Amino acid sequence: MIDLHCHLLPGVDDGAETLAESLEMARTAVADGTVQLACTPHIYPGLYENDGPSIMAAVDRLQKALDEADINLRLLTGADVQLAPDMVEGLKTGRIPTLAGTRYFLFEPPHHVAPPRMPDMIFRLVAEGYVPVITHPERLTWIEDHYDTVCDAFDGGAWIQLTAGSVTGYFGRRAQYWSERMLDEGRVHLIASDGHNMRRRRPVLSAARDAVAMRLGEAAALDMVRGRPEGILLDRSPEDMPALAGVQQRAERASGWRRWFGR
Ligand SMILES: [Fe+2]
């Protein structure tokens, strides 16, 4: 598997705190079946001031440490990029790194407020040739009231990445409900660990892959943890990627539930 969202770099954000913790996380990822992993620290103005060159240097250092420790994991560069007005310029100048230098990058919407400018920004990014991958929409506090914002972004060319722990129910019923709904509606491109540490947020994917396989079939599950990530690393255009899968029957049943429960 290829995990395209993980806070593995030590001491640069709220992910791994020490090199020892990074190494332990890397061993956990490898044991779970991950062979390539993108180091995607937060870029959050005023809070986590990471940038392309500093992330690349940190990835090189960590790769050397993994090699020395005989941990067979290939690291890739990336970032978990908080929505900001100067995103396009940041991507163009390399201040904001994309996933392994491709057109795809992780786009983190604000957690607690639906951003009124998000549709404009998605439009601009796509017009500039980028593919914003929206990270864990299922965990946003505003998704109930503004699910249309997520759907509009999807329709506008953004990709959707769910967090593995949401799919398995680890983050509670609500995140699982939204994960399953988006899976059933055929809106999910990727699953990633968003691993942060060895306590509550470990870098594991296999349980979520298996849960998606039960729901949508083995091929759809593999597309989310291998097929599309491989395509991203080759910088294939979205049109040349595996087709999205949903289960219409289940989506219809879900909409029946929504009619009953008013959402
Ligand atoms: Fe993240």
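**Figure 1. Strand E9, with buried side chains on both of its sides.** In this predicted model, Trp 159, Gln 161 and Thr 163 point one way from strand E9, while Ile 160 and Leu 162 point the other way, and all of them are buried. Five of the five residues of E9 (residues 159–163) are buried, so the strand is largely enclosed by the rest of the structure. Try following the side chains along the strand, and you will find Gln 161 on one side and Leu 162 on the other.

**Figure 2. E9 and its two neighbours.** Strands of a sheet pair through backbone hydrogen bonds, and they can do this in a parallel or an antiparallel way. Which strands pair with E9 here? One is strand E8 (residues 131–135), which pairs with E9 in the parallel sense over three bridges. The other is E10, which runs parallel to E9 and is joined to it by three bridges. Gln 161 is a good residue to look for in this view: it is the bridge partner of Thr 135, and it also stands opposite Leu 190 in E10. One residue further on, Leu 162 has Ile 191 in E10 as its bridge partner. To get from E8 to E9, look for helix H5 (residues 147–155): E8, H5 and E9 together make a right-handed β-α-β unit.

**Figure 3. Strand E7, covered on both faces.** Now let us move to another strand of the sheet. Are the residues of strand E7 (residues 104–108) buried or exposed? Five of the five are buried, so E7 is largely enclosed by the rest of the structure. Tyr 104, Leu 106 and Glu 108 lie on one side of the strand, and Phe 105 and Phe 107 lie on the other. Two of these residues also belong to an aromatic cluster, in which Phe 105 and Phe 107 are joined by Tyr 130.

**Figure 4. E7 between E6 and E8.** Strand E6 (residues 80–82) pairs with E7 in the parallel sense over three bridges, and here Gln 82 stands opposite Glu 108. The chain passes from E6 through helix H3 (residues 87–93) to E7, in a β-α-β crossover that is right-handed. With E8, strand E7 pairs in the parallel sense over four bridges, and Phe 107 stands opposite Ile 134 in E8. Helix H4 (residues 118–127) carries the chain from E7 to E8, and this β-α-β crossover is right-handed.

**Figure 5. The whole sheet.** Let us step back and put the strands in order. Seven strands form an open sheet, arranged as E4-E3-E6-E7-E8-E9-E10, and the pairing is mixed. Where are the edges? They are strand E4 (48–49) and E10, each of which pairs on one side only.

**Figure 6. The iron site.** Which residues coordinate the iron ion? They are His 5 and His 7, each through NE2, and Asp 80 and Asp 194, each through OD, at 2.1 to 2.3 Å. Why is the arrangement called irregular? The four donor atoms subtend angles of 78 to 170° around the iron ion, and this spread makes the arrangement irregular. Along the chain, the donors follow the spacing H-x1-H-x72-D-x113-D. His 5 lies in strand E1 (residues 2–6), and Asp 194 lies in the loop between strand E10 (190–192) and helix H8 (206–216), so this pair ties together parts that are 189 residues apart in sequence. His 5 counts as buried because its relative accessibility is 0%, and Asp 194 is buried too, with a relative accessible area of 2%.

**Figure 7. Aromatic rings and their arginine neighbours.** A search of the whole structure finds six aromatic pairs. One of them is the edge-to-face pair of Tyr 170 and Phe 171, with 5.7 Å from centre to centre and 75° between the planes. Tyr 170 counts as partly exposed, at 46% relative accessibility, and Phe 171 is partly exposed as well, with a relative accessible area of 21%. Phe 171 has another neighbour to look for: Arg 139 lies over the face of its ring, at 3.9 Å from the ring centre. A second arginine, Arg 187, lies over the face of Phe 154, at 5.4 Å from the ring centre.

Technical notes
Residues are numbered from 1 along each chain as its sequence is written. This is a predicted model: local features need pLDDT of at least 70, side-chain atom pairs count only at pLDDT 80 or more; totals for chains, interfaces and linings use all residues. Side-chain values use heavy atoms; hydrogens and water are left out. Donors are N, O and S atoms within 2.8 Å of the metal (3.2 Å for Na, K and Ca); water is not among the atoms, so sites may look incomplete. Four donors count as tetrahedral if all angles lie between 85 and 135 degrees; four count as square planar and six as octahedral if opposite donors are over 155 degrees apart and all others between 65 and 115; anything else is irregular. Buried means under 20% relative accessible area, exposed over 50%, partly exposed in between (1.4 Å probe, protein chains only). Two strands pair if DSSP finds at least two bridges between them. A crossover is right-handed if, with the strands pointing away from the viewer, the path from the first strand over the helix to the second runs clockwise. Rings of Phe, Tyr and Trp (its six-membered ring) pair if their centres lie within 6.5 Å; planes under 30 degrees apart count as stacked, over 60 as edge-to-face and the rest as tilted. A charge sits over a ring if NZ of Lys or CZ of Arg is within 6 Å of the ring centre and within 35 degrees of the ring normal.
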